[in-house]
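Here is a short tour to read with the structure open beside you. Feel free to click along as you go.

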Amino acid sequence: MEISNWDIFWAGSEEKDYWKEPDPFVLELIDSYPQEKFPRVLDLGCGMGRHALAFARHGYEVTAADSSRQALDHVEERAKKRELKVTNVLGDYRSPLFAEGSYDIVICYNVLYHCLREEMVRAINLCQKYLKPGGVLFFTCPTRDDGKYGDGEKIAPHTFLSENSTHPGALHYFSNSEDIDCFCTGFEVLSKKKREYYWKQDGVVNFSSYWQLTAQKIEA
Ligand SMILES: C[S@@+](CC[C@H](N)C(=O)[O-])C[C@H]1O[C@@H](n2cnc3c(N)ncnc32)[C@H](O)[C@@H]1O
């Protein structure tokens, strides 16, 4: 697989504290969907594995997948240090990677929108396939109110190579509410929240507006 610009991002030596701490909303999934009933977890686009490691710590059987070798090297090193077992898979989420019905939980935190809209739809459909019936998908994606909307080169409708990002130059598709409903075909939406907050990068204040979705695969 060719070296992506994400490899350059994850290889950088600067502090990446933000990418090491799990999001509290993901941790809530551990309470809501316990390991005994939902044993197999896929962290798709895992980055440094903050969520994969959190689930592994709670006894889940975890796969961490990413298209960046550098990201997976971080996961491997961090899992080894904590004596946790995580299976790493190098792969592109836009293509089929896993067998149907392999997982109870799929997490895609700040991942699925780094592509064109049609690729995002395909990726969510693939996640639906990877899940067992009754399995749960958690994903986040930016809304059109996000501060990055309109920033950088426009590649397609609502799709930009955002410069004002933690990873400048990364492709972003910005979804509206109707998009989200359409993406969740084959799921029952359990929770659809809009999260908004300010964050600082190099002294500049930015505005984030994200959809946060929890959806359950409809039983056959
Ligand atoms: C913003 S980071 C989020 C990382 C992680 N989910 C977290 O919350 O810490 C996006 C991740 O998606 C990965 N990624 C981007 N495009 C991808 C693709 N087409 N297939 C698989 N992974 C991809 C990147 O390498 C990166 O690790």
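The points below go from the sheets to single residues and then to the ligand.

This is a predicted model, so please read every value as computed from it. Its strands include a mixed open sheet of 7 and an antiparallel open sheet of 3. A ligand sits among 17 residues.

**The seven-stranded sheet**

- Following the sheet across, you meet its strands in the order β3-β2-β1-β4-β5-β10-β9, with mixed pairing.
- Why do β3 and β9 each have one side without a neighbour in the sheet? Both β3 (86-90) and β9 (187-201) stand at the edges with a single partner strand, so nothing in the sheet flanks the other side of each.
- From one strand to the next, the twist averages 15°.
- Strands β5 (residues 131-142) and β10 (residues 204-217) run antiparallel and are joined by 7 bridges.
- Within that pair, Cys141 has Trp211 of β10 as its bridge partner.
- As background, strands in a sheet pair through backbone hydrogen bonds, in either the parallel or the antiparallel sense.

**Strand β1 and its partners**

- Strand β1 is largely enclosed by the rest of the structure, because 5 of its 5 residues are buried.
- In a regular strand, side chains alternate between the two faces of the sheet.
- Which residues of β1 are buried on each side? Arg40, Leu42 and Leu44 lie on one side, while Val41 and Asp43 lie on the other, and both faces are covered.
- On the β2 side, the pairing with β1 is parallel and runs over 5 bridges, with Leu42 partnered by Thr63 of β2.
- The path from β1 to β2 goes through α3, and this β-α-β crossover is right-handed.
- Strand β4 also runs parallel to β1, joined by 3 bridges; here Leu42 stands opposite Val106.
- Leu42 is therefore a handy residue to select on screen: it is one of the buried residues of β1, it has a bridge partner in β2, and it faces a residue of β4.

**Helix α3**

- Is α3 (residues 50-57) mostly covered or mostly open? It is mostly covered, with 7 of its 8 residues buried.
- The buried residues are Arg50, His51, Ala52, Leu53, Ala54, Phe55 and Ala56.
- They pack against α2 (24-32), α4 (69-81) and the strands β1 (40-44), β2 (61-66), β3 and β4 (103-108).
- Just after the helix comes Gly59, with a positive phi of about 90°.

**The three-stranded sheet**

- The order here is β6-β7-β8, and the pairing is antiparallel.
- Strands β6 (153-156) and β8 (170-173) stand at the edges, each with a single partner strand, so one side of each lacks a neighbour in the sheet.
- The twist in this sheet averages 35° from one strand to the next.
- Strand β7 (residues 159-162) is joined to β8 by 4 bridges, and the two run antiparallel.
- One residue pair to look at is Leu161 with its bridge partner Leu171 in β8.

**Loop residues to click on**

- Ser165 is placed in the loop between β7 and β8, and it counts as partly exposed because it has 19 C-beta neighbours inside 10 Å.
- Beyond its neighbours within four places in sequence, Ser165 is in contact with Lys148 and Ala170.
- The C-alpha atoms of Ser165 and Asp151 are 9.4 Å apart, with their positions 14 residues apart along the chain.- Asn110 lies in the loop between β4 and α5 (117-130), and its phi is near 55°, a positive value in a residue other than glycine.
- Asn110 has 18 C-beta neighbours inside 10 Å, so it counts as partly exposed.
- His158, in the loop between β6 and β7, has a positive phi of about 60° although it is not a glycine.
- With 18 C-beta neighbours inside 10 Å, His158 counts as partly exposed.
- For context, most residues other than glycine have a negative phi.

**Around the ligand**

- Which of the 17 residues around the ligand come nearest? They are Trp6, Gly45, Gly47, Ser67 and Ser68.
- The shell around the ligand divides into 7 nonpolar, 6 polar and 4 charged residues.

Methods
Residues are numbered from 1 along each chain as its sequence is written. This is a predicted model: local features need pLDDT of at least 70, side-chain atom pairs count only at pLDDT 80 or more; totals for chains, interfaces and linings use all residues. A residue is near a molecule or strand if its C-beta atom, placed from the backbone, lies within 6 Å of it. Ala, Val, Leu, Ile, Met, Phe, Trp, Tyr, Cys and Pro count as nonpolar, Asp, Glu, Lys and Arg as charged, and the others, Gly among them, as polar. Two strands pair if DSSP finds at least two bridges between them. Axes are lines fitted to C-alpha atoms, for helices over the stretch in contact, and angles run from 0 to 180 degrees between N-to-C directions. A residue is buried if 20 or more other C-beta atoms lie within 10 Å of its own, exposed if 12 or fewer, and partly exposed in between; C-beta atoms are placed from the backbone. Two residues are in contact if their C-beta atoms, placed from the backbone, lie within 7 Å. A crossover is right-handed if, with the strands pointing away from the viewer, the path from the first strand over the helix to the second runs clockwise.
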